[in-house]
Amino acid sequence: QSYFEKLARKADGSPAGPFAVGFAGQTLRVEQIVEVQPTLVLVEFKDAHGEIQRMRIPFAKIDHWENC
């Protein structure tokens, strides 16, 4: 949980991102971390139409997390 809390913001307090996240056999480009909860991270990403969507990703399902 603390790892993702540190990643969520830049030093100036603005949202960090984007990130390439691998989970459940797929890779997703996460635009920003919205909230970190005890067992999951709430993220924003753009869908196929360019609309911002939110998704909860459980820590246990994350295969990799990298800066883009």
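**Exercise 1. In this predicted model, find the residue of strand 2 that stands opposite Gly 22, and describe the strand pair around it.**

Step 1. Gly 22 stands opposite Thr 27 in strand 2.

Step 2. Place that position in its strand pair. Strand 1 covers residues 19–23 and strand 2 covers residues 26–36. The two pair in the antiparallel sense, over 5 bridges.

Step 3. Look at the connection. Strand 1 and strand 2 form a hairpin with 2 residues between them. Ala 24 sits in the turn and has a positive phi of about 50°.

**Exercise 2. Follow the pairing from strand 2 to strand 3, then to strand 4. How many bridges join strand 3 to strand 4?**

Step 1. Start with strand 2 and strand 3. Their pairing is antiparallel and runs over 5 bridges. A hairpin of 3 residues joins the two strands. Val 30 stands opposite Phe 45 in strand 3.

Step 2. Go on to strand 4. Strand 3 spans residues 40–46, and 7 bridges join it to strand 4. These two strands also run antiparallel. The bridge partner of Val 43 in strand 4 is Met 55.

**Exercise 3. Give the strand order of the sheet and name its edge strands.**

Step 1. The sheet is open and has 5 strands, in the order 4-3-2-1-5. The pairing is antiparallel.

Step 2. The edges are strand 4 (52–58) and strand 5 (62–67). Each of them pairs on one side only.

Step 3. Add the twist. From one strand to the next, it averages 40°.

Step 4. Recall what holds such an assembly together. Strands of a sheet pair through backbone hydrogen bonds, either parallel or antiparallel.

**Exercise 4. Trace the side-chain polar contacts of Glu 44. Is Glu 44 buried or exposed?**

Step 1. Locate the residue. Glu 44 lies in strand 3.

Step 2. Look towards strand 2, where Gln 32 has its place. The side chains of Gln 32 and Glu 44 make a polar contact of 2.9 Å.

Step 3. Take the other partner. The side chain of Glu 44 also makes a polar contact with the side chain of Arg 54, at 3.1 Å.

Step 4. Judge burial. The relative accessible area of Glu 44 is 12%. The cut-off for buried is under 20%, so Glu 44 counts as buried.

Step 5. List the surroundings, setting aside neighbours within four places in sequence. Glu 44 is in contact with Val 30, Glu 31, Gln 32, Val 34, Ile 52, Gln 53 and Arg 54. With the same exclusion, Gln 32 is in contact with Pro 15, Ala 16, Val 43 and Glu 44.

**Exercise 5. Describe the setting of Ala 8. Which residues does Ala 8 touch, not counting residues up to four places away in sequence?**

Step 1. Ala 8 is in the loop between helix 1 and strand 1.

Step 2. Its relative accessible area is 9%, so Ala 8 is buried.

Step 3. Ala 8 touches Ser 14, Pro 15, Ala 16 and Ile 33, not counting residues up to four places away.

Step 4. Compare sequence with space. Ala 8 and Val 41 are 33 residues apart in sequence. Their C-alpha atoms are 9.8 Å apart.

**Exercise 6. Which element of the chain has the lowest mean pLDDT, and which the highest?**

Step 1. Take the whole chain. The average pLDDT is 96, and 100% of the residues score at least 70.

Step 2. Rank the elements. Helix 1 (residues 2–7) has the lowest mean, 94. Strand 3 has the highest, 98.

Conventions
Residues numbered from 1 in each chain as written. Predicted model: local features only at pLDDT ≥ 70, side-chain atom pairs only at ≥ 80, totals over all residues. Heavy atoms only, no water. Pairing = 2+ DSSP bridges. Helix = DSSP H or I, 4+ residues; strand = E, 2+ residues; numbered from the N terminus. Axes fitted to C-alpha atoms, helices over the stretch in contact; angles between N-to-C directions. pLDDT = per-residue confidence, 0-100. Buried < 20%, exposed > 50% of the residue type's maximum accessible area, 1.4 Å probe, protein only. Contact = heavy atoms within 4.5 Å. Polar contact = N/O pair within 3.5 Å; in protein donor to acceptor, adjacent residues only side chain to side chain.
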